[in-house]
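Got a new structure in front of you and wondering where the labels come from? Let's go through some of them together.

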Amino acid sequence: MAAARRARLELGFGLDGPVPDLLAAIEGPGGAHVVVLDLGDEVAGACIQRGGLVLLFVNGAHAAVRRRFTLAHEFGHRRLGHASVIDRPADLLDTRHDPAEVGANYFAAEFLMPGEAVRSWARGRGLGLDDVVRLAAEYGVSAKMARIRLETTGALRDRALADRLDAEIDGEGLHLGLAGLLGLGDLADGVAAAAAPRLPPALHGSALGGVLSGELSVARAAARSGRSPEAMRRALEGLGLDRLVPIA
């Protein structure tokens, strides 16, 4: 969480509210490149690093609120100095087991919703479901994450209230209709607009970008880059991209 706070300050966003556009922040001052693809059911995202190249992958089939957390999680791997990793959906829920995943999850939570900002927002509120839904909409996260963040920041200490909110969100799905009644929608940011396949500007027109987007076969990408197909395939496998996209 301390690393997340440092990252926000270094990127110029402070600690008192949401990052206006997470994708723009990470591709701008964050120094990484964001790729949005349909990665199937077994992959939520990935952080692929080789030298100065940092590619953060997000599963475009997921809802925007989920994509934001995934992107912040993958950025956390980068900022925490972790090795390249491909994350399953379950990894983004890990708060106890794999230290790298636990660290990236805590980083993502604090980067998206700084603890002090959440406590300040919650001060003087009853923290009913309408408050949870408003908080989620303001930060572009799911109602479930907003509820959990209220608890982990110490703003919500009533166990019975937390259980009731969980039942309303998980069991009854009341937050969905309530958001509509309150006139609340998702953030109109780069993450929401990024339909798969989405390549970062740095990869536009490149052989690697063509393979990732499915526009080029490995053979055609190899010809464009002046490599043999075998060399291109080895390079993609060396990055671990064969686990994310077809490279036949």
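What follows is a set of questions and answers about this predicted model.

Q: Why are α12 and α13 called roughly perpendicular to each other?
A: The axes of helix α12 (residues 218-225) and helix α13 (residues 229-239) cross at roughly 105 degrees. Anything from 65 to 115 degrees counts as roughly perpendicular, so that label fits α12 and α13. Their axes also come within 8 Å.

Q: Which residues in α12 meet which ones in α13?
A: On the α12 side they are V218, A219, A221, A222 and S225, and on the α13 side P229, M232, R233 and L236. Sorted by type, the residues of this contact are 7 nonpolar, 1 polar and 1 charged.

Q: What makes R88 and D91 a salt bridge?
A: Their side chains meet with N and O 2.8 Å apart, and the cut-off is within 4 Å. So the pair qualifies as a salt bridge.

Q: Is D91 buried or exposed, and what about R88?
A: D91 has a relative accessible area of 9%, and under 20% means buried, so D91 is buried. R88 comes in at 49%; exposed would need over 50%, so R88 is partly exposed.

Q: Why does R123 count as exposed?
A: Its relative accessible area is 58%, and the bar for exposed is over 50%, so R123 gets that label. R123 forms a salt bridge with E116, with the closest N and O atoms 4.0 Å apart. E116 has 44% relative accessibility, so it counts as partly exposed.

Q: How do you know that D163 and R159 are separated by about one helical turn?
A: They sit 4 residues apart in helix α8 (residues 159-171), which means a spacing of about one helical turn. The two form a salt bridge too, with their closest N and O atoms 3.0 Å apart. D163 is partly exposed at 40%, and R159 is partly exposed at 42%.

Q: Which residues are linked with D163 and R159 in a network of salt bridges?
A: The network also takes in K144, R147, E151, D166 and D170. Across the whole structure, a search finds 17 salt bridges.

Q: How many residues does the largest nonpolar core have, and which have the most contacts inside it?
A: It has 54 residues, and L71 and F111 have the most contacts inside it. Helix α6 (residues 129-139) gives the most to this core, with 6 residues. Another core lies apart from it, with 26 residues, among them L37, L212, L241 and I247.

Q: Which residues does L71 touch, leaving out those up to four places away in sequence?
A: L71 touches L22, L23, I26, V34, L56, V58 and V191.

Q: What kind of peptide bond joins A196 and P197?
A: A cis one, with omega at about -5 degrees. P197 lies in the loop between α10 (190-193) and α11 (207-213).

Q: What phi does L127 have, although it is not a glycine?
A: L127 has a positive phi, about 60 degrees. This residue is found in the loop between α5 (115-122) and α6.

Q: Why does L127 count as buried?
A: Its relative accessibility is 5%. Buried means under 20%, so L127 is on the buried side of the cut-off.

Note on methods. Residues numbered from 1 in each chain as written. Predicted model: local features only at pLDDT ≥ 70, side-chain atom pairs only at ≥ 80, totals over all residues. Heavy atoms only, no water. Axes fitted to C-alpha atoms, helices over the stretch in contact; angles between N-to-C directions. Helix = DSSP H or I, 4+ residues; strand = E, 2+ residues; numbered from the N terminus. Parallel < 35°, antiparallel > 145°, perpendicular 65-115°, else oblique. Contact = heavy atoms within 4.5 Å. Nonpolar A, V, L, I, M, F, W, Y, C, P; charged D, E, K, R; others polar. Buried < 20%, exposed > 50% of the residue type's maximum accessible area, 1.4 Å probe, protein only. Core = buried A, V, L, I, M, F, W, Y, C linked by side-chain atoms within 4.5 Å.
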